[in-house]
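Colleague: Could you take me through the aromatic rings in this model? I would like a close look at that one part, with the rest of the chain as background.

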Amino acid sequence: MTGSLISAGLSVAGGIAGGIMSSNAAKKAKGMVEQQRAANQAWYERKYNEDATQRADALRAYEMAADELRRRNKAAAGTAAVMGATTETVAAEKAASSQALADVVSQIAANGERSKEAAEQQYRQADAGYAQQLTSLEQQRSQAVADAVKGIGQSSGALGGAINGFMDSKK
């Protein structure tokens, strides 16, 4: 009879300990997911707010275009001096060069907007994944608590039965 009491008591204690351990593991996992979510938020804010015109590839494209246009303008001015071209011809070449440089800047800005849109889409997908993970963890935690309560209830029933049996044997 004493063995039944001890067994039932251990079962109750085991149910409580299991529930506590499961809850602690879920808290730890939740903290890790929340940390990943915060890192994702920081990455998104950094990517979304970066200046597309200051990126290395954009600066390189701008400098290369500007250098090429300076060479073309210098060549046009030299040709005009030698051939006797009008100032309107040189002005037209400079205007075309300015328009080409404006087109490069416009393309850089468009690429920056596409980059922002891609960053936002990637952020939203990752954030939805983190939200799903957190929901799943909460469901697991709730299930662990329910299982622990169920186990404790069953163990308590057995403990009560063992106590009644012990008391009956004393009569």
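Modeller: Happy to. Rings of Phe, Tyr and Trp (its six-membered ring) pair if their centres lie within 6.5 Å. By that rule, ring pairs link Y44, Y48 and Y123 into a cluster. Please keep in mind that this is a predicted model. The mean pLDDT of the chain is 81, and 77% of its residues reach 70 or more.

First, the setting. The chain has three helices and zero strands, so that the order from the N terminus on is simply α-α-α. Confidence is lowest in helix α1 (residues 2–49), with a mean of 79, and highest in helix α2 (residues 56–83), with 87.

Now to the rings themselves. A pair of aromatic rings is described by the distance of the centres and the angle of the planes. Searching the whole structure gives two aromatic pairs. One of them joins Y44 and Y48, with 5.4 Å centre to centre and 35 degrees between the planes, and is tilted. Both residues belong to helix α1, where they are four residues apart, about one turn of the helix. Their surroundings can be put in terms of accessibility: Y44 is buried, with a relative accessible area of 14%, while Y48 is partly exposed at 31%.

The other pair is formed by Y44 and Y123. Their ring centres are 4.4 Å apart and the planes meet at 20 degrees, so this pair is stacked, because planes under 30 degrees apart count as such. Here distant parts of the chain are linked: Y44 sits in helix α1 and Y123 in helix α3 (residues 87–170), 79 residues apart. Y123 counts as buried, at 14% relative accessibility, because the cut-off for buried is under 20%.

There is also a charged neighbour to look at. K116 lies over the face of Y48, at 5.1 Å from the ring centre.

Back to the chain as a whole. Of its 171 residues, 19% count as buried, and Y44 and Y123 are among them. For contacts between residues at least 6 apart in sequence, 88% join residues at least 24 apart. The chain has an accessible surface of about 11,500 Å², and carbon and sulfur atoms account for 57% of that area.

To put the part you asked about together: Y44 pairs with Y48 in a tilted arrangement and with Y123 in a stacked one, and K116 lies over the face of Y48.

Methods: Residues numbered from 1 in each chain as written. Predicted model: local features only at pLDDT ≥ 70, side-chain atom pairs only at ≥ 80, totals over all residues. Heavy atoms only, no water. pLDDT = per-residue confidence, 0-100. Helix = DSSP H or I, 4+ residues; strand = E, 2+ residues; numbered from the N terminus. Phe/Tyr/Trp six-rings, centres within 6.5 Å; stacked < 30°, edge-to-face > 60°. Buried < 20%, exposed > 50% of the residue type's maximum accessible area, 1.4 Å probe, protein only. Lys NZ or Arg CZ within 6 Å of the ring centre and 35° of its normal. Contact = heavy atoms within 4.5 Å. Areas by Shrake-Rupley, 256 points an atom, 1.4 Å probe, with all protein chains shown as cover.
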